[in-house]
Amino acid sequence: MKSTYLSLIAGTVALAAVTGFAALTAPGEGDAAEAKPASRLPVERSSLLCPAPSGSDLADTLYTSFTPAGKGAAGAGTAELKPSVPLVDDEADGDDAAAEKDPKKIKKAEEAAKKAKEKAEKPVVTVKEPGKPVTAEASGSDAPALVGTAHGRTAPGWTAQQTTTVAAGDARGLLGVSCTAPDTDFWFPAVSTAKSRQDYIHLTNPDDSAAVADIELYGPEGALKSDVGEGITVPPRSTVAMLVTTLTSEAADSVTAHVTTRTGRVGAVVGVADDKAGSDWLPAAADPKGTLVMPGIPADATSVQLVAFAPGEDDADVKVQLLGKTAAFAPAGNDTLHIKSGMTASIDLKDVTRGEPGSLRLTPVQSSRATPIVAALRVVRGTGAKQEIAFIPATGPVGERASVADNRAKGSTLSLSAPGATAKVKVTASAGSEGGEQVVKTYTVKGGTTLAVDPPVPSGLKGGYALTVETESGGPVHAARTLALPEGGVAMFTVQTLPDDRGTVVVPSAKQDLSVLSD
């Protein structure tokens with residue numbers, strides 16, 4: 001009995017580290033049993049999905065995978081990103097070929113199945129130890145989506161960045177995205193069905209069974225009619241890219257897309273190409289809340305558009321504030337926004353930052369009526385033919401810790417915003433991917449402001465590096481990293497937010513009847 005019960009405790013703790021939930025009650029214990037405080041343990045497994053980088057033959061992609069150093073899960077482990085390639089059933093293919101009585105076709109099918117399996121099982125990039133990023137490169141339009149899993153000490157806080165440069169053509173731009181965890185529900189404010197935009201919703205299925213997804217679109221007047229947005233099948237270990245303009249015949253500049261799954265789970269992200277302003281990725285926004293923060297608007301932004309949506313039954317009235325370098329203030333003429341239920345609302349904030357970096361905060365006009373909303377920013381740098389687009393979705397705070405990979409010796413800007421009380425954060429620049437030692441620096445962010453800094457760079461840096469932000473004291477901090485890589489006179493840039501990496505989970509204590517353990 002004693003060994004059985006101890007094994008049950010160990011199994012419960014392990015389950016909690018993977019799933020984030022566990023509970024254990026000893027046989028015969030009553031309500032009066034005293035519970036020990038819950039504890040936090042590092043997760044033992046993490047999953048990430050990266051979309052297919054680009055349809056351009058001119059695309060050059062850099063993958064950067066990283067797990068922050070620190071208190072990790074026990075034992076060894078690796079974090080691997082592999083191609084999202086459908087597994088071919090060689091037996092089924094062989095049966096089909098055999099039915100045709102053609103040995104050559106049978107052999108060809110078997111070879112195709114073997115190659116598909118080899119490709120699917122060969123990692124593109126592998127992290128073997130925390131604290132040092134690992135990179136890989138790909139070129140052209142045939143680079144696949146990636147699916148990955150981290151185990152053991154590489155799981156807590158694992159992150160991966162996909163950065164693609166397209167120097168010319170319709171897809172010109174710097175496209176950056178932090179690879180996402182699979183889920184069942186995603187909100188994308190700021191998509192568009194306008195003729196000047198080509199938006200693709202990328203759905204990637206990491207599992208060995210098919211997923212079925214639905215896509216709903218909401219414009220300024222409400223739901224957009226669509227006959228093909230329901231029941232989208234995403235085959236196992238595969239990616240499906242849906243062109244938004246094929247889902248509806250209604251054109252609208254500002255649209256909110258809602259992706260859900262009926263069965264299975266997917267990774268979802270939107271690839272945006274604008275005829276006048278280049279291309280980038282639009283990640284999913286934070287879940288609906290009454291108060292939202294969108295950090296990291298560049299100081300030299302020439303155009304900022306806010307897009308928001310109220311998914312519930314109630315309208316929302318929110319205050320719009322820019323958290324600037326020294327104080328928070330309302331943009332002239334746009335201090336509030338009314339968002340009708342089920343309709344997408346937008347504001348053109350123009351060059352709202354006026355030469356200083358900032359972040360946008362939305363709060364309810366009436367604190368007693370905090371209607372949940374989702375929101376994102378469409379940000380443009382440059383003018384005329386040299387415009388470049390990026391997106392900043394509403395994001396959660398850094399929390400205990402958050403990381404972003406693929407930083408360069410030059411071109412990175414870290415934005416830290418404290419929407420409430422003043423806060424102190426620690427920023428760690430990791431070791432370089434090809435050499436260099438980590439550097440640590442602390443920053444104090446005044447409440448109601450945004451602090452934009454050139455982040456610390458590892459000493460003796462070779463290659464790229466990762467940044468890890470940890471809250472040390474004070475109020476919540478929202479963070480974003482801007483990566484700027486000018487190309488041909490165009491101010492190419494991309495912005496990634498840094499929400500809490502959820503590297504630990506709360507494990508409820510096990511109420512123990514000590515008389516059981518004494519048997």
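# A guided tour: salt bridges, a sheet and a cavity

Select Asp300 to begin: this residue is partly exposed, with a relative accessible area of 41%. The model on the screen is a predicted one.

**Stop 1: the partner of Asp300**

Next, add Arg381 to the selection. Arg381 and Asp300 form a salt bridge, with 2.8 Å between the closest N and O atoms. The pair connects distant parts of the chain, for the two residues are 81 residues apart. Arg381 belongs to strand β26 (residues 374–381), while Asp300 lies in the loop between β19 (292–297) and β20 (301–309). Is Arg381 buried or exposed? Arg381 counts as buried, because its relative accessibility is 14% and the cut-off for buried is under 20%.

Side chains of opposite charge can pair when their charged atoms come close.

**Stop 2: further salt bridges**

How many salt bridges does a search of the whole structure find? The search finds ten. Select Asp199 and Arg197 for another of them: their side chains meet in a salt bridge at 2.8 Å, N to O. Both Asp199 and Arg197 are buried.

Now select Lys82 and Glu80, whose side chains also meet in a salt bridge, at 3.7 Å from N to O. Lys82 counts as buried, at 17% relative accessibility. Glu80, by contrast, is partly exposed, with a relative accessible area of 25%.

**Stop 3: a sheet of four strands**

Keep Lys82 and Glu80 in view and select the whole of strand β4, residues 79–83. Strand β4 is part of an open sheet of four strands, in the order β2-β7-β4-β5, with antiparallel pairing. Which strands form the edges of this sheet? The edge strands are β2 and β5 (125–127), each of which pairs on one side only. On average, neighbouring strands of the sheet are turned by 15 degrees against each other, direction ignored.

The sheet may be followed strand by strand:

- Select β4 and β5, which run antiparallel and are joined by three bridges. Leu81 has Val125 as its bridge partner in β5.
- Select β4 and β7, which pair in the antiparallel sense over five bridges. Ala79 has Ala150 as its bridge partner in β7.
- Select β2 and strand β7 (residues 146–151), which run antiparallel and are joined by six bridges. Ser47 has Thr149 as its bridge partner in β7.

In a regular strand the side chains alternate between the two faces of the sheet.

**Stop 4: the largest cavity**

The final stop concerns empty space. Rolling a probe the size of a water molecule over the atoms shows where empty space is left. The structure holds two cavities of 30 Å³ or more, and the largest cavity contains about 60 Å³ of space.

To display the lining of the largest cavity, select Leu49, Cys50, Pro51, Val177, Ser178, Cys179, Thr180, His202, Thr204, Gly267, Ala268 and Val269. Four elements give two or more residues to this lining: β2 (45–50), β9 (173–178), β11 (197–204) and β17 (267–274). Strand β2 is thus met again, as it was an edge strand of the sheet at the previous stop.

Which element gives the largest share of the lining? The largest share comes from β17, with three residues. Colour the lining by residue class to complete the tour: seven residues are nonpolar, five are polar and none is charged.

Notes
Residues numbered from 1 in each chain as written. Predicted model: local features only at pLDDT ≥ 70, side-chain atom pairs only at ≥ 80, totals over all residues. Heavy atoms only, no water. Salt bridge = Lys/Arg side-chain N within 4 Å of Asp/Glu carboxyl O. Buried < 20%, exposed > 50% of the residue type's maximum accessible area, 1.4 Å probe, protein only. 1 Å grid on protein atoms, 1.4 Å probe; cavity = no way out; pocket = protein on both sides within 12 Å on 5 of 7 lines; lining within 4 Å. Points joined across faces, edges and corners; volume = space filled by probe spheres on them. Nonpolar A, V, L, I, M, F, W, Y, C, P; charged D, E, K, R; others polar. Pairing = 2+ DSSP bridges. Axes fitted to C-alpha atoms, helices over the stretch in contact; angles between N-to-C directions.
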